[in-house]
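Which charged side chains pair up here, and where do they sit? Take a look at the model before reading on.

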Amino acid sequence: MLLFCLIPNQARRQRKKESTVNQGVQGFEVIDEAKAKIEAQCPQTVSCADIIAFAARDSVFNAGGIDHYDVPGGRFDGRVSLKDEVIKNIPDPFFNVTQIEKNFAQKGLSLEEMVTLSGAHSIGGSHCSFFSKRLYSFNATYAQDPSMNPAYAKVLNPSMNPA
C-alpha cells in the first residue's frame, strides 16, 4: 500500500496536495515517482515524509549549500489525506509573528519548532499577493506596515527607491 503521496481520492475527496494553498508547489510528481520506486523494492519502509526531508537535504547540498547534515528517518505517513485539513492546520500567510507563535503553541509546538518549520517553508519565492498589503495599504493610519524592517521594505517596494 502506498501512503500519503499516492493515496487515491477517498470517496472522491481531494488529497492534501490538491489544496488551493498548495497550487504553487511543484515537484509532487518527483516525490510520487521516488515513493513508487521505493515501494516496489521495499514496501511500507520509507514514508513520503522521509522522502521529502531527504530531498530537501539533498537540494541544499546540490545548490552549493552545506556539505551534509543528518536527517533522521522513521516518519509515518497517514492513511487518509484530505484537502480540507490543510487550510485549518497551517498558519494563515497573513499572520504576524505573534499570531504564528500562538498557532504553533495551540498544536503543542515550541518556538524552536515554529522557527524550524517556518524557516523550511521560506526557501523559494512568494507571490506579491501575500505581502503587498503590508507594503502599500496596511491600514488607515499607515500605508506600510510599521513593524516591517524599513530596509527590507525598501527592497520590496520599488516606489520607495527614488530614481
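This report covers salt bridges and the exposure of the residues that form them.

## Overview

The model is predicted. It holds four salt bridges. Three are described below, including two pairs within helix 1. Side chains of opposite charge can pair when their charged atoms come close.

## K37 and E33

Helix 1 spans residues 28–41. K37 and E33 both belong to it. They are four residues apart, about one turn of the helix. Their side chains meet in a salt bridge, at 3.2 Å from N to O.

K37 is exposed, because its relative accessible area of 55% is over the 50% cut-off. E33 has a relative accessible area of 46%. That value lies between 20% and 50%, so E33 counts as partly exposed.

## E39 and K35

Helix 1 also holds E39 and K35. Here too the spacing is four residues, about one turn of the helix. The two side chains form a salt bridge at 2.9 Å, N to O.

E39 is buried, with a relative accessible area of 8%. K35 is buried as well, at 2% relative accessibility. Both count as buried because their values are under 20%.

## R57 and D58

The side chains of R57 and D58 meet in another salt bridge. The distance is 2.8 Å, N to O.

R57 is buried, with a relative accessible area of 17%. D58 is partly exposed, at 34% relative accessibility. This salt bridge therefore joins a buried residue, R57, to a partly exposed one, D58.

Definitions and conventions
Residues numbered from 1 in each chain as written. Predicted model: local features only at pLDDT ≥ 70, side-chain atom pairs only at ≥ 80, totals over all residues. Heavy atoms only, no water. Buried < 20%, exposed > 50% of the residue type's maximum accessible area, 1.4 Å probe, protein only.
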